[in-house]
Amino acid sequence: MGPTQKPNVCRQLSRRALGFFSRDAGVVQRTNLGILRVLVCQESTKFKNVWTTHSKSPIAYERGRIYFDNYRCCVSSVASEPRKLYEMPKCSKSEKIEDALLWECPVGEILPNPSDYKSSLIALTAHNWLFRISATTGKVLEKIYLASYCKFRYLSWDTPQEVIAVKSAQNKCSALARQAGIQQPILLYLAVFHVLPFSLIGILEISKKIFGNVTDATLSHGILIVMYSSGLVRLYSFQAIIEQFMQQKLDLGCACRWGGTAGTVGEAPFGIPCNIKITDSPPLLFEVSSLENAFQIGGHPWHYIITPNRKKQKGVFHICALKDNSLNENLLTVTASGRVVKKKFNLLDDDPEQETFKIVDYEDELDLLSVVAVTQIDAEGKAHLDFHCNEYGTLLKSIPLEESWDVTYSHEVYFDRDLVLHIEQKPSRVFSCYVYQMVCDPGEEETTNRSCEKE
């Protein structure tokens with residue numbers, strides 16, 4: 001099953017103190033994470049439930065911060081017990097935050113303001129404002145008014161930490177319009193920005209007149225991904241679309257005249273006009289068929305992940321090379337987040353009558369595979385989080401979760417360095433959050449200390 005020799009933590013700490021890794025900050029970080037990995041997996045280490053809370057609104061987690069009340073309240077999970085970082089003023093339903101992304105300062109770039117070097121929350125409100133909010137104080141640092149001609153609802157990274165895509169809700173035809181045979185040509189809009197400082201790339205409309213009976217579209221790594229009800233997925237170059245179909249370049253904060261109306265780009269009530277309108281079919285890069293449009297792309301060289309477009313194949317993933325569509329037999333399974341799991345699948349084969357796997361993820365900093373397994377005992381389920389060596393599949397640690405686990409509810413589990421966080425959605429929109437933190441077992445400590453005493 002691979003090597004079993006454990007690294008000596010004391011030796012690693014001594015080497016670090018003597019400056020053995022001073023030439024490369026990355027080596028220091030990797031050494032620190034290696035030490036933490038040993039501490040997490042050792043037998044005497046326990047994970048204790050230090051905090052439990054409930055909410056009527058969704059709970060979100062991102063890099064040591066727990067968000068409540070539609071991102072208005074932020075709680076740090078880094079301290080020994082979670083503590084409130086900030087709470088923004090109450091607001092009307094029309095001003096609530098719909099979606100948010102955590103932005104962290106890029107390395108090696110000179111930024112215009114001191115506050116730009118600290119983490120920010122990029123937030124989209126229900127009344128179509130895009131805010132940049134200090135992740136530590138909740139203060140609004142920048143704001144942009146998007147538009148009044150559609151309802152923007154979703155945020156995603158096009159290029160992580162560099163370019164964001166803001167997607168509108170889909171336009172729906174009224175029952176009367178459908179009866180009259182009137183089609184809604186524009187399915188949705190995508191607004192694309194460079195972040196910090198915010199600069200507009202453009203707003204693109206996705207039209208059924210151009211793309212056909214399209215059901216959804218998104219932007220990822222400079223690629224426009226268009227999806228159809230049949231399972232067909234088509235890819236287009238967003239840069240080529242910009243070059244061919246941008247009607248006019250727009251700059252935030254600058255005066256603009258558009259369609260007989262004048263105003264300032266990004267300010268209310270003018271907002272940002274839709275300045276990228278595709279009038280012909282753009283050049284197709286690639287197309288593939290996948291069940292429920294399940295499609296992810298990435299890696300080097302480029303690969304894509306699909307589920308074969310047959311119902312009986314649900315839960316099966318194929319990893320194929322983008323250049324020739326060849327199936328990569330060496331990569332056997334992936335996590336729900338799209339990360340490749342480099343281990344034999346039969347090492348994690350579950351038994352539905354004993355326990356079932358509900359969540360599989362990969363902690364990249366500690367190089368550990370985390371698996372949530374649930375055992376059903378009568379009407380109540382009990383769950384435990386297992387850590388496996390990502391290279392050999394060896395079980396290294398098992399952490400019991402104290403709360404009962406109902407498999408009919410929605411669950412999210414995060415393992416982040418020395419933290420385990422479980423978010424559960426119960427019926428009637430009741431959300432619960434359980435926080436576990438790594439602690440050293442006092443009993444083990446006392447035993448160790450006594451064994452070191454001189455007689």
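1. Ala-321 has a relative accessibility of 10% and therefore counts as buried, since the cut-off for that class is under 20% relative accessible area. This assignment, like everything below, is drawn from a predicted model, and the remarks that follow should be read in that light.

2. As to its setting, Ala-321 lies in strand 22, which covers residues 318-321. Leaving aside residues up to four places away in sequence, Ala-321 touches Trp-302, His-303, Tyr-304 and Ser-326. His-300, which is 21 residues from Ala-321 in sequence, has its C-alpha 9.8 Å from the C-alpha of Ala-321.

3. Turning to the chain as a whole, the model contains six helices and 31 strands, and buried residues make up 43% of its 455 residues. Among the contacts in the chain with a separation of 6 or more, 46% are accounted for by residues 24 or more positions apart.

4. On the surface, the chain exposes about 24900 Å², and carbon and sulfur atoms supply 50% of that area.

5. With regard to confidence, the average pLDDT of the chain is 84, and 82% of the residues score at least 70. Two stretches deserve separate mention. Over residues 332-339 the pLDDT stays under 50, although the model has 23 contacts beyond four places in sequence for this segment. Over residues 444-455 the pLDDT likewise stays under 50, and here the model has two contacts beyond four places in sequence.

Methods:
Residues numbered from 1 in each chain as written. Predicted model: local features only at pLDDT ≥ 70, side-chain atom pairs only at ≥ 80, totals over all residues. Heavy atoms only, no water. Helix = DSSP H or I, 4+ residues; strand = E, 2+ residues; numbered from the N terminus. Buried < 20%, exposed > 50% of the residue type's maximum accessible area, 1.4 Å probe, protein only. Contact = heavy atoms within 4.5 Å. Areas by Shrake-Rupley, 256 points an atom, 1.4 Å probe, with all protein chains shown as cover. pLDDT = per-residue confidence, 0-100.
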